[in-house]
Amino acid sequence: NHLKLIAALLLIVIRNKHNMFPISLDLLVSTLKQLGYSIEKRMILSEVSKLIQLYGFKLKTPSIEVYFETNIRRLRNDDNFKRMLCEKDLDIDLFLAEAHDIGRKILLNLKRSDIGGRNPYLIAAAVTYASLKITARKRNIPSIITQSLLSKIINVPSYSIRDHYLFLKKVLPLSY
């Protein structure tokens, strides 16, 4: 029982106080498993629910912008992505800085009313993919990354990236 309480409090504290690196429930559970503790997601969520009811804690959902920043950071640290850029004689920092700027422009033009009830993490994945495509197009080179590879790097199903990318194309002119 004490492990459920600690995991729930850890999730609440990290989500509410350290919002620059969003922790997912999956990441928390897998980290605890690596440390030798066996706990299920539903057990943590149950404890979080109790804490919210008893003490009025809130569990913030990270914004699309925070998820986008995290995706760019994951790309910068991924060895396969770095290798692909090196093979094309591209500087990773310059390429990702340009993709980052384009992604920020997309996010600025994205209205909250357009998003509706969509998952912010999946929208951020689609924005990441769109920004990489647009950056490659601006440099007159073929697309650097596939939806499949991006899905492995940021841990999102490739069909979700595709679906949300198509959604983005409908609501925004992606021609930066």
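Contact, throughout this tour, means heavy atoms within 4.5 Å. The model is predicted, so local features need pLDDT of at least 70 and side-chain atom pairs count only at pLDDT 80 or more, while totals for chains, interfaces and linings use all residues. Residues are numbered from 1 along each chain as its sequence is written, and side-chain values use heavy atoms, with hydrogens and water left out.

Select Leu75 to begin. Leaving aside residues up to four places away in sequence, Leu75 touches Phe81, Ile92, Leu96, Thr128, Leu132, Ile145, Leu150 and Ile153.

Next, widen the selection to the nonpolar core, a set of buried Ala, Val, Leu, Ile, Met, Phe, Trp, Tyr and Cys residues joined through side-chain atoms within 4.5 Å, where buried means under 20% relative accessible area, exposed over 50% and partly exposed in between, with a 1.4 Å probe and protein chains only. The largest such core has 42 residues, and those with the most contacts inside it are Leu75, Phe81, Leu132, Ile144 and Ile145. Among the elements that give two or more residues to this core are helix 4 (64–77), helix 8 (120–138) and helix 9 (147–154); helices here are DSSP runs of H or I with at least four residues, numbered from the N terminus. Helix 8 supplies the largest share of this core, 12 residues. Apart from it lies another core, of 14 residues, including Ala8, Ile23, Val29 and Ile39.

Now select helix 5 and helix 6, which pack at an angle of about 105 degrees with their axes 10 Å apart; the axes are lines fitted to C-alpha atoms over the stretch in contact, and angles run from 0 to 180 degrees between N-to-C directions. This angle makes helix 5 roughly perpendicular to helix 6, a term that covers 65 to 115 degrees. Phe81, Lys82 and Leu85 of helix 5 meet Ile92, Phe95 and Leu96 of helix 6.

Move on to helix 9 and helix 10, whose axes come within 8 Å and cross at roughly 115 degrees, and which are therefore also roughly perpendicular to each other. On the helix 9 side the contact is made by Gln147, Ser148, Leu150 and Ser151, and on the helix 10 side by Ser158, Ile161 and Arg162.

Finally, stay in helix 10 and pick Lys169, which is partly exposed, with a relative accessible area of 46%. The C-alpha atoms of Lys169 and Ala130, 39 residues apart along the chain, are separated by 8.9 Å.

Notes
Parallel < 35°, antiparallel > 145°, perpendicular 65-115°, else oblique.
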